[in-house]
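Biologist: Could you walk me through this one? I'd like to start with the strands and then move on to a helix and the charged pairs.

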Amino acid sequence: MFLVEGAINVKELLGSDFKIVHLFITSQFFEENEALIKSSSVTFEYTDEKELTEVGTLESNNAALAVVRMKEEQALKVNKGEFVLILDEVRDPGNLGTLIRIADWYGISKIICSEQCAEHYNPKVISATKGSFIRVNMHYCDLKIYLKELNLAGVKVFGAFLNGENIHKVSFPDTGAILLGNEASGINMDLESFVTDKITIPRFGGAESLNVAVASAVILDNVKRN
């Protein structure tokens with residue numbers, strides 16, 4: 001099981017198909033969300049801000065905390081007409097949570113992670129998603145095997161590299177995958193051979209690099225604009 005904390009995440013949770021095992025809420029949260037809580041038919045207990053903050057991971061929580069059952073993980077294929085996000089060793093929970101939120105914003109419902117990525121049920125990840133973990137499916141696997149299968153299926157794999165083609169000039173197909181690497185070292189060399197198209201975000205100033213989550217937003221915006 002895992003924790004879901006705070007007003008935004010718990011409200012999203014109440015409207016989802018996740019199984020809530022325990023729900024603790026403040027009277028204020030109930031008053032503000034009475035209809036949603038009653039429609040979910042979830043049993044809850046009242047508590048206060050002090051207790052929620054003490055037992056949870058947030059600096060402060062005046063709303064709600066839920067103990068939720070994890071879903072059984074399933075393999076995620078790339079279907080015709082969709083893009084997926086593939087992450088290689090994204091280890092920072094905040095970055096992973098933000099990536100999930102960005103994927104949700106751009107209608108990406110599948111993220112495939114290397115086994116070295118941060119755990120997506122980590123409380124910091126869940127908090128950073130702002131509820132988007134509800135709509136984005138996650139799968140952890142050996143990326144060599146996964147990318148090889150994409151190559152064999154003829155799915156284009158766009159990898160973010162400093163020496164890639166200017167993303168503003170790339171014509172993206174309807175179906176494909178975006179591969180993003182580790183915050184410090186980028187995409188592992190042993191995955192480079194599976195990349196069919198190297199892309200880069202052109203730099204106009206002096207910054208050395210972009211945060212991986214920021215880079216994902218720029219890339220996905222260009223994919224959708226195409």
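Modeller: We can take the strands, then one helix, then the salt bridges, keeping in mind throughout that this is a predicted model.

Biologist: OK, in what order do the four strands of the open sheet sit?

Modeller: The order is β1-β4-β2-β3, and the pairing within this open sheet is mixed. The edges are formed by β1, residues 2–5, and β3, residues 45–46, each of which pairs on one side only.

Biologist: And β1 with β4, parallel or antiparallel?

Modeller: They run antiparallel, with four bridges joining β1 to β4, the latter covering residues 64–68. Within that pair, V4 stands opposite A66 of β4.

Biologist: Which helix packs on that sheet?

Modeller: That is α1, residues 7–14, which touches β1, β4 and β2 (20–25), and whose direction makes about 115 degrees with that of β1.

Biologist: Now further along the chain: which strands does β8 pair with, and in what sense?

Modeller: Strand β8, residues 157–166, pairs in the parallel sense with β9, residues 176–180, over three bridges, and G159 has L179 in β9 as its bridge partner. Strand β8 also runs parallel to β10, residues 197–200, to which five bridges join it, and there N166 stands opposite T200.

Biologist: Switching to α5, what span should it have, and what does the model give?

Modeller: Helix α5 comprises 13 residues, 93–105, so at 1.5 Å a residue it should span 18 Å, and the C-alpha atoms at its ends are indeed 18 Å apart, which agrees.

Biologist: What's at its two ends?

Modeller: At the start of α5, a side-chain oxygen of D92 reaches to within 3.0 Å of the backbone nitrogen of G94. After the helix comes G107, whose phi is positive, near 75 degrees.

Biologist: Which of its residues are buried, and what covers them?

Modeller: The buried residues in α5 are P93, N95, L96, G97, L99, I100, I102, A103 and D104. Their cover includes the strands β5 (83–87), β6 (110–114), β7 (137–141) and β9, together with the helices α6 (123–129) and α8 (212–225).

Biologist: On to charges, then. How many salt bridges are there?

Modeller: The count comes to 10 salt bridges. One of them joins the side chains of E54 and K50, at 2.7 Å from N to O. Both residues lie in helix α4, residues 49–55, four residues apart, which is about one turn of the helix.

Biologist: Are E54 and K50 buried or exposed?

Modeller: Both E54 and K50 are exposed. By contrast, K110 and E82 are both buried, and they form a salt bridge whose closest N and O atoms are 2.8 Å apart. This pair links distant parts of the chain, with K110 in strand β6 and E82 in the loop between β4 and β5, 28 residues apart.

Biologist: You listed D104 in α5 as buried; what is its salt-bridge partner?

Modeller: D104 forms a salt bridge with R135, and the closest N and O atoms are 2.9 Å apart. R135 lies in the loop between α6 and β7 while D104 is in α5, so the pair ties together parts that are 31 residues apart in sequence.

Biologist: How accessible is R135, and which residues share its network?

Modeller: R135 counts as partly exposed, because its relative accessibility is 38%. Salt bridges with shared partners join R135, D104 and E12 into one network.

Technical notes
Residues numbered from 1 in each chain as written. Predicted model: local features only at pLDDT ≥ 70, side-chain atom pairs only at ≥ 80, totals over all residues. Heavy atoms only, no water. Pairing = 2+ DSSP bridges. Helix = DSSP H or I, 4+ residues; strand = E, 2+ residues; numbered from the N terminus. Contact = heavy atoms within 4.5 Å. Axes fitted to C-alpha atoms, helices over the stretch in contact; angles between N-to-C directions. Expected span 1.5 Å × (residues − 1). Buried < 20%, exposed > 50% of the residue type's maximum accessible area, 1.4 Å probe, protein only. Polar contact = N/O pair within 3.5 Å; in protein donor to acceptor, adjacent residues only side chain to side chain. Salt bridge = Lys/Arg side-chain N within 4 Å of Asp/Glu carboxyl O.
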